[in-house]
Amino acid sequence: MTAPTDALDPVRAELLRTARASADVVLERARADAEKVLGEARGAAEAVLARARELGAADGADAAGRERTRAVQDAWAVELAARAEVYAELRARIREGVRRALAEGAVPRDRLAAAARALLGPQARLTRAAGGGVTAEVPGRRVDLSADALADRALDRLGARAETLWEPP
């Protein structure tokens, strides 16, 4: 037995073939569009990633620069603290040396008293200073020729030459 044939079967077959061909074209176009969009997206992602790397490198360079600056400042602060400590120790030793010299009579008290009177006049009231030396006063004026004041003045007279203390030998 043969199946009855419908006169529309060839028309249906042609419509189905045309629809499948059209669907294949649309599907192929969609695949091509998808590939194009994916390619563009990959390109954009690579550009964003490259820009992010550039920005990260710039940020890293900035951070490294800030860290170098901070390290230099920290090192300078440590050096200044060490200089201050050495200078204070030098001042203490000079004061000790001047006190010892005055105690041993290297500069007689009378000589310091005469120097004070020469500066303030014969009416100056003299006082023996603790640690050696003298101070003298007249109304409105005072002279300090104590051991510590003499030592401090001697060290202060070094002025900029004190910087040679920090130079290599």
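In this predicted model, Arg125 finds its bridge partner in strand β2, at Glu137. The contact belongs to the pairing of β1 (residues 125-128) with β2, which is antiparallel and runs over four bridges. Towards the other end of the register, Arg128 stands opposite Val134 in β2. Four residues lie between the two strands in this hairpin, and Gly131 there takes a positive phi near 90°.

Glu137 also has a partner on the β3 side, where its bridge is to Arg142. Strands β2 and β3 (residues 141-146) pair in the antiparallel sense as well, here over six bridges. The hairpin that joins β2 to β3 has two residues between the strands, and Gly140 in its turn shows a positive phi of about 85°.

Taken together, the three strands make an open sheet in the order β1-β2-β3, with antiparallel pairing. Because β1 and β3 stand at the edges and each has a single partner strand, one side of each is left without a neighbour in the sheet. From one strand to the next, the twist averages 15°.

How many of the six residues of β2 are buried? The count is five, so with buried meaning under 20% relative accessible area, strand β2 (residues 133-138) is mostly covered. As a helpful reminder when viewing the sheet, side chains in a regular strand alternate between its two faces.

Note on methods. Residues numbered from 1 in each chain as written. Predicted model: local features only at pLDDT ≥ 70, side-chain atom pairs only at ≥ 80, totals over all residues. Heavy atoms only, no water. Buried < 20%, exposed > 50% of the residue type's maximum accessible area, 1.4 Å probe, protein only. Pairing = 2+ DSSP bridges. Axes fitted to C-alpha atoms, helices over the stretch in contact; angles between N-to-C directions.
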